[in-house]
Amino acid sequence: MIAEGHTRQGPATSTLARLVRRTLATEWHGIVVDPVRRLARRGLSGLLLAFVAAFGVVLFHDIAQHPAGAVWVRRLGGVRADLPLWLSLLRTPVSLYVPALDLPVWAGITQLFLAFALAELVLGRARTLLIAYTTTLAGTLTARLMVALGPGWWGLGLPPEAGRVLDTGPSAAVVGLFTYLAVVRRAPVVFTLTGGSMVWESVAVPNLAGREHLIAVAAAIVLALAHGRGGRLRTSVRTRLRRLAVPRLHGPTAARPACRPQRPRPATRTAPAPAPVSSPDPHGPPPPRPYPRTHRARQDRLSR
């Protein structure tokens, strides 16, 4: 009985170990090895967005330490749910660089730099900015919707006091970038650490920021899945357009046969080989010379 149990658990354990090892190797290559190679190839220019994001957070943090500077930072990047929609949309890009008041700045700069560095090296600058802004905007608009719903609605609504909470900081963008990278690069460990920490935060400390982080995770997952299907959709559309363009360029395909029959080629006649010319005997008489035409014509006249 014990031997049979060991033989049954052995293949399953080895298969699970191989699967875990393969998954970790793929994640290590996609999250660490490949970005480091791209960084070595591109140099520090591949970390432009990471340096700009970290420098912007530090700059706005230093400006907000003064009373006059805090007022201008709040006017430029302070987003609240009770503001008009156009003003919130106008301040949302700047709010990415305004640190949250209840969170330590220097602890979040490392996560911010790492998220933007990996995303810029793997996804490129344009897509990194798109993912960061989209996830932040999704959290901001969802917070406005929750405040508009009011308390109730199975726990989705928020009281009106939540609309006066200052909603700033790059945390939603950082969470969205890590989640997007985890889905695109198939990194379950990074996805578990990112999504699991956000779920734990929203359960342990139920506040507006925790809900916005969950919305950022959901938006990043949708964008990552749409990115994978978008590439397949573009490929299929290009293939169909090429198939539709072939009859226009070469005429209708039904008018010409699919395969033209090959005509039999006529047999080529080979010329007979010339007879071998015997070399004249040096001791015999010379061969007779042919008469010219004028001499032959003269002999014909005399014979007549």
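**From Pro93 to the nonpolar patch**

Pro93 is found in helix α4, which covers residues 85-95. The model in which Pro93 is seen here is a predicted one, and every value given below was computed from it. Pro93 has a relative accessible area of 34%, and because buried means under 20% and exposed means over 50%, Pro93 counts as partly exposed.

From Pro93 the view can be carried to Gly77, a residue that stands 16 residues away from Pro93 in sequence, while the distance in space between the two, taken from C-alpha to C-alpha, is 7.6 Å. Gly77 belongs to α3 and is one of the residues through which this helix meets α4. On the α3 side of this meeting are Arg74, Arg75, Leu76 and Gly77, and on the α4 side are Arg91, Val94 and Ser95.

How do the two helices lie with respect to each other, roughly parallel, roughly perpendicular or oblique? Helix α3, made of residues 67-77, packs with α4 at an angle of about 120°, and the axes of the two helices are 7 Å apart. Roughly perpendicular covers 65 to 115 degrees, and roughly antiparallel begins over 145, so α3 and α4 are oblique to each other.

A second place to look is on the surface, where Leu16, Leu19, Val20, Leu24, Val189 and Leu193 form a nonpolar patch whose accessible area is about 550 Å² when these residues are taken together. Two helices, α1 with residues 2-42 and α8 with residues 188-204, each supply at least two residues of this patch, and the largest share, 4 residues, comes from α1. Val189, one of the patch residues, has its place in helix α8. The relative accessible area of Val189 is 37%, and since this value falls between the limits of 20% and 50%, Val189 is partly exposed.

Stepping back to the whole protein chain, one finds 10 helices and 0 strands, so that, by the way such elements are assigned, the order read from the N terminus is α-α-α-α-α-α-α-α-α-α. The protein chain has 304 residues, of which 30% count as buried, and its accessible surface comes to about 21800 Å², with 65% of that surface belonging to carbon and sulfur atoms. As for how the chain meets itself, among contacts between residues at least 6 apart in sequence, 75% join residues at least 24 apart.

How values were computed:
Residues numbered from 1 in each chain as written. Predicted model: local features only at pLDDT ≥ 70, side-chain atom pairs only at ≥ 80, totals over all residues. Heavy atoms only, no water. Patch = residues over 30% accessible without salt bridge, like charges linked within 9 Å, V, L, I, M, F, W, Y side chains within 5 Å. Areas by Shrake-Rupley, 256 points an atom, 1.4 Å probe, with all protein chains shown as cover. Salt bridge = Lys/Arg side-chain N within 4 Å of Asp/Glu carboxyl O. Buried < 20%, exposed > 50% of the residue type's maximum accessible area, 1.4 Å probe, protein only. Axes fitted to C-alpha atoms, helices over the stretch in contact; angles between N-to-C directions. Parallel < 35°, antiparallel > 145°, perpendicular 65-115°, else oblique. Contact = heavy atoms within 4.5 Å.
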